[in-house]
Amino acid sequence: MSLGTFLIMRHELLLIAAALLVLIAEIFWNPDKKSSISLFSIVLLGIITIIGFLPSPAGSLFGGMYISSGTRLIMKNILNIGVLLVFIQSFTWLKKEENSEKISEYFLLLISTLVGMNFMISAGHFLIFYIGIELATIPIAALSAFDRYKNKSAEAGIKLILSSALSSGVLLYGLSMIYGTTGTLYFSEVATHFGNHSLQILGFIFFFSGMAFKISIVPFHLWTADVYEGSPVNITSYLSVISKGAAVFILMIILFTVFPVIMATWQKTIFVTSILTMTIGNLFAIRQQNLKRFLAFSSISQAGYILLGLIGGNQLGMASVIYYILVYIFSNLGAFGVVIAISNATGKENIDDYNGLYQTNPNLSLIMTLALFSLAGIPPVAGFFGKFFLFTAAAQKGFFFLVLIAVLNTIISLFYYLLVVKAMFINKSEKPISMFKSDFSTRFALGICVAGIVVTGFASIIFEVIRNLSFGV
Amino acid sequence: MDILSLFVVIPVLTITAILLLKDTRQVRLVSAFGMGLQLLMAASLVFLYLTARHAGNNDEMLFIKDYLWFKSLNIHYAVGVDGISVAMIMLTSLVVFAGIFASWEVEFLRKEFFISLILLASGVFGFFISIDLFTMFLFYELAVIPMYLLIGIWGTGPKEYSAMKLTLMLMGGSALLLVGLLGIYFNSSPDGNRLTFNILEISKVVIPLPDQRIFFPLTFVGFGVLGALFPFHTWSPDGHASAPTAVSMLHAGVLMKLGGYGAFRVAIFLMPEAAHELSWIFIILTSISIVYGAFGAIAQKDLKYINAYSSISHCGLVLFAVLMMNQTAMNGAIIQMISHGLMTALFFALIGMIYGRTHTRMIYEMGGLMKIVPFLSVCYVIAGLASLGLPGLSGFVAEMTIFVGAFQHPELFYRIVTILAVSSIVITAVYILRVIAILLLGPTTNEHFEHLPDAKWFEKISVVTLIGSVAAIGLAPFWLSTMIGTSLHPIIEKIIALNPF
């Protein structure tokens with residue numbers, strides 16, 4: 001193995017280098033200008049994101065434990081874009097007095113999780129997959145507890161670490177059964193040795209439950225709302241978009257490549273969990289007052305829609321899931337971007353606080369509306385195309401009933417998204433949030449989100465590229 | 001740039017222009033200019049269309065343009081028109097044009113109001129020019145969603161409730177529709193070729209009957225919600241009553257026609273077998289709509305509610321006629337769509353103008369308006385007479401054609417429902433004449449009203465445009481019915497091939 005073949009791992013190597021660079025930079029940086037470390041990290045990740053799009057060889061390393069292919073690369077690139085947006089959105093927040101001590105830690109931890117996700121997506125062996133998933137989860141728990149003087153934040157951290165430990169346990173238990181019955185942990189070999197043996201099915205169910213924790217699929221969603229509410233907003237947005245997206249990606253790869261034999265089984269599992277996830281996520285979201293909790297439940301229901309792309313096990317399904325995650329990154333980060341901007345400026349996070357926002361901050365209201373419409377799947381923004389393709393993918397395999405449930409759920413979701421729109425545009429308020437001008441980084445990140453929301457749908461080339469890289473069972 | 005896409009591009013450009021304006025006073029001028037241009041375009045489209053037909057072009061759709069959009073799913077941006085869509089485009093541009101002038105005095109957030117209104121219009125135009133189901137659906141939803149803000153912000157009464165109810169019910173309809181469209185799409189190529197969303201191509205294949213039985217009701221009800229099909233009509237009275245004038249005009253005048261048009265262009269045209277098999281269910285429902293809507297209108301005291309219920313009755317008639325599935329009745333259905341669109345827009349415009357003066361819509365609080373605002377009152381009488389089907393105005397032509405067509409069916413069932421539906425004419429006369437008597441005739445009941453001004457110039461433009469069109473159709477319906485008739489041929493042929501009765 002020559003040194004050149006290591007370039008297959010380009011994404012991971014670059015990110016590790018970036019993490020180290022940020023650490024070293026902190027030592028030598030002028031302590032008075034700590035906040036410019038943020039800028040440094042953003043630029044670093046920006047460069048890595050761009051490099052990620054350069055053509056790269058596909059192949060495998062370490063005897064097939066690490067696999068790189070066009071599909072996996074585009075998944076990593078999508079995650080890079082998302083994390084970059086989160087970085088930019090955190091800029092203002094990190095300038096606050098109480099965070100000045102912890103700037104480089106923040107970036108270090110986030111980059112580590114991204115490394116973990118990249119390894120997870122590139123896994124060709126359950127061991128690498130497991131290491132990746134842990135590396136992607138544990139730093140997040142530290143980040144959830146980032147506001148260490150807030151009880152809720154500490155609570156969120158401990159809740160996240162406990163529930164993810166439990167889910168890892170469940171996952172490992174499932175993997176041990178898979179190992180016990182097949183005698184291997186390599187994806188390709190498990191696939192050939194897998195059958196309809198009941199112990200293997202049990203192993204799969206445990207594995208799926210473990211993943212369901214990460215994606216917060218009902219009935220494994222209970223940790224979501226509390227963690228989302230307690231964490232700092234930036235981390236909430238990270239959890240709801242990036243973590244979820246990465247977990248969906250790897251679940252999809254594993255379902256399609258490792259478990260095609262028991263497709264009938266996982267289709268039933270997904271059918272039930274998808275309906276539950278959409279419906280329960282939506283019904284709970286209606287009652288929420290805190291916007292972070294609101295978006296938490298909305299993101300649970302979004303996971304339900306995403307499962308529609310998995311159920312068919314078809315190429316179109318994989319393409320629509322990857323595409324939808326991209327759209328979802330822009331839309332959800334757009335919505336969170338507005339919440340972050342307002343939270344930074346005023347500390348307000350409730351829907352009632354947004355009453356009359358359009359009168360004072362028209363641009364933020366418009367962006368929020370656009371993002372929410374995209375989440376609800378209203379044309380002409382990208383969310384419409386994303387949902388349409390997900391539904392088409394499920395319909396292609398004849399799951400018309402599931403599609404019907406899903407579209408009816410989008411109506412419920414439209415109801416609560418419109419409640420926010422109503423607060424901003426229609427409701428009157430005695431003391432609306434006063435007019436403020438957000439700084440450049442916030443506006444820049446929101447600008448990218450808006451551009452993404454508008455362009456991703458119309459530019460069919462994006463979908464076509466993704467589709468050509470996708471595969472079915 | 002092809003001529004049809006201009007119908008979407010011009011509204012978008014108008015919106016951009018409005019966005020760039022600094023001075024809010026110019027907003028309405030720009031809107032009027034943009035929509036005036038649109039009206040001219042529509043007129044020239046009618047002209048171009050008729051010329052092309054005279055020149056012997058017998059294609060089903062004219063001016064077809066097709067751009068590949070999503071290659072892997074074979075989604076196109078495809079536009080094309082036949083006589084029916086040309087007529088609908090003409091209707092839309094007339095109503096939008098009149099609507100701009102009817103909302104001349106909107107003060108609150110004027111810029112946003114006109115942007116939402118024109119956005120809605122561009123959705124409607126896009127819907128009528130599309131021949132690809134995907135783009136059609138996209139424009140359909142685009143037309144519905146600005147409604148929420150238009151009613152919620154600028155409406156009156158329980159506007160938030162009505163706006164939410166209307167939006168959710170219409171989106172619920174589009175949810176059913178989406179499933180129906182996907183069902184059509186995955187059956188669009190039985191012999192294993194590429195699947196397609198193109199209406200013309202799908203119409204050449206026969207979708208298997210078991211699938212049709214599932215997807216026809218979904219599609220029909222999906223469109224039917226927008227066409228105020230009983231029992232999914234409940235959004236209509238609340239929505240219309242709370243909406244600002246121009247929005248009521250556009251909504252009752254044009255948007256409800258999307259339902260009728262879609263039901264006939266997509267549901268019946270593409271799935272005629274199931275349509276024929278299941279039509280009796282929907283004929284019963286639409287008959288209920290017709291009669292119930294008319295009775296509902298009698299019981300109301302609020303002018304807008306009266307009109308909303310009358311719209312349910314009239315739009316029910318459209319779906320009723322479409323389901324009769326013969327040349328005459330379908331011809332009548334299209335004329336009824338146009339006629340009702342103009343008439344009801346006229347009604348809502350006048351109600352808005354009267355409300356703007358008296359600040360009440362309750363008929364018993366007003367009286368003797370004929371002496372105070374003669375212009376508006378006379379126009380109201382004309383609108384009323386058109387609505388109850390007086391010969392010489394558009395309503396007569398439409399309803400006459402529909403009932404003749406419906407009665408052509410020899411079976412007893414069709415005869416009975418037709419007789420039931422015909423009874424609505426009498427009921428319509430009751431509520432129209434009652435309103436005219438209470439509202440316009442008799443002594444002036446409220447002395448505060450005695451010095452109200454009559455219509456201003458912009459209101460006159462709005463009203464005269466609509467009355468002129470109503471009278472034009474009433475007096476010279478032949479050009480409209482020829483235009484529609486030739487375009488109906490392919491559809492009728494397809495139906496007759498199935499079940500020559």
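This tour moves through a predicted complex, from whole chains to single residues.

**Before selecting anything**

Residues are numbered from 1 along each chain as its sequence is written, and chains are lettered from A and ligands numbered from 1 in the order in which they are written. Because the model is predicted, local features need pLDDT of at least 70 and side-chain atom pairs count only at pLDDT 80 or more, whereas totals for chains, interfaces and linings use all residues.

The predictor assigns the complex an ipTM of 0.90 and a pTM of 0.92. Colour chain B by pLDDT, the predictor's confidence in each residue from 0 to 100: its average is 86, and 99% of the residues score at least 70.

**Chain A as a whole**

Select chain A and display the cartoon. It contains 19 helices and two strands; helices (H or I, at least four residues) and strands (E, at least two) are DSSP runs, numbered from the N terminus. The C-alpha trace spans about 65 × 55 × 45 Å along its principal axes. The radius of gyration of chain A is 21 Å, which agrees with the value near 23 Å for a compact globule of 473 residues; the radius is taken over C-alpha atoms, and the globule rule is 2.2 Å times the number of residues to the power 0.38.

Of these 473 residues, 59% count as buried. A residue is buried if 20 or more other C-beta atoms lie within 10 Å of its own, exposed if 12 or fewer, and partly exposed in between, with C-beta atoms placed from the backbone.

**The two domains of chain A**

Next, colour residues 1-258 as domain 1 and 260-473 as domain 2 of chain A; the bounds come from an automatic or database domain assignment. Their centres, taken over C-alpha atoms, are separated by 21 Å. Across the boundary, 44 residues of domain 1 are in contact with 51 residues of domain 2, contact being defined by C-beta atoms, placed from the backbone, that lie within 7 Å. On the domain 1 side, the elements giving two or more residues are α3 (70-94), α8 (198-215), α9 (222-230) and α10 (233-257) of chain A. The largest share, 14 residues, comes from α3(A).

Stay in chain A and select the loop between α8 and α9, where A:Pro219 is found. A cis peptide bond joins A:Val218 to A:Pro219, with omega about 5°.

**The contact between the chains**

Show both chains. The contact takes 25 residues from chain A and 25 residues from chain B. On the chain A side, α16 (382-396), α17 (400-425) and α19 (460-469) each give two or more residues. Select α17(A), which gives the most, with 12 residues.

**Stops in chain B**

Select helix α3 of chain B, residues 83-102. Its end C-alpha atoms are 28 Å apart, in agreement with the 28 Å expected for 20 residues at 1.5 Å a residue; the expected span is 1.5 Å times one less than the number of residues. In α3(B), 20 of its 20 residues are buried.

Most residues other than glycine have a negative phi, and most peptide bonds are trans. The remaining stops depart from this pattern:

- B:Asn74, in the loop between β1 (62-70) and β2 (75-81) of chain B, has a positive phi of about 60°. B:Asn74 counts as buried because it has 20 C-beta neighbours inside 10 Å.
- B:Leu109, in the loop between α3 and α4 (110-129) of chain B, has a positive phi near 50°. With 18 other C-beta atoms within 10 Å, B:Leu109 is partly exposed.
- B:Pro231 lies in the loop between α9 (209-226) and α10 (235-242) of chain B. The peptide bond from B:Phe230 to B:Pro231 is cis, with omega near 0°.

How values were computed:
Two residues are in contact if their C-beta atoms, placed from the backbone, lie within 7 Å.
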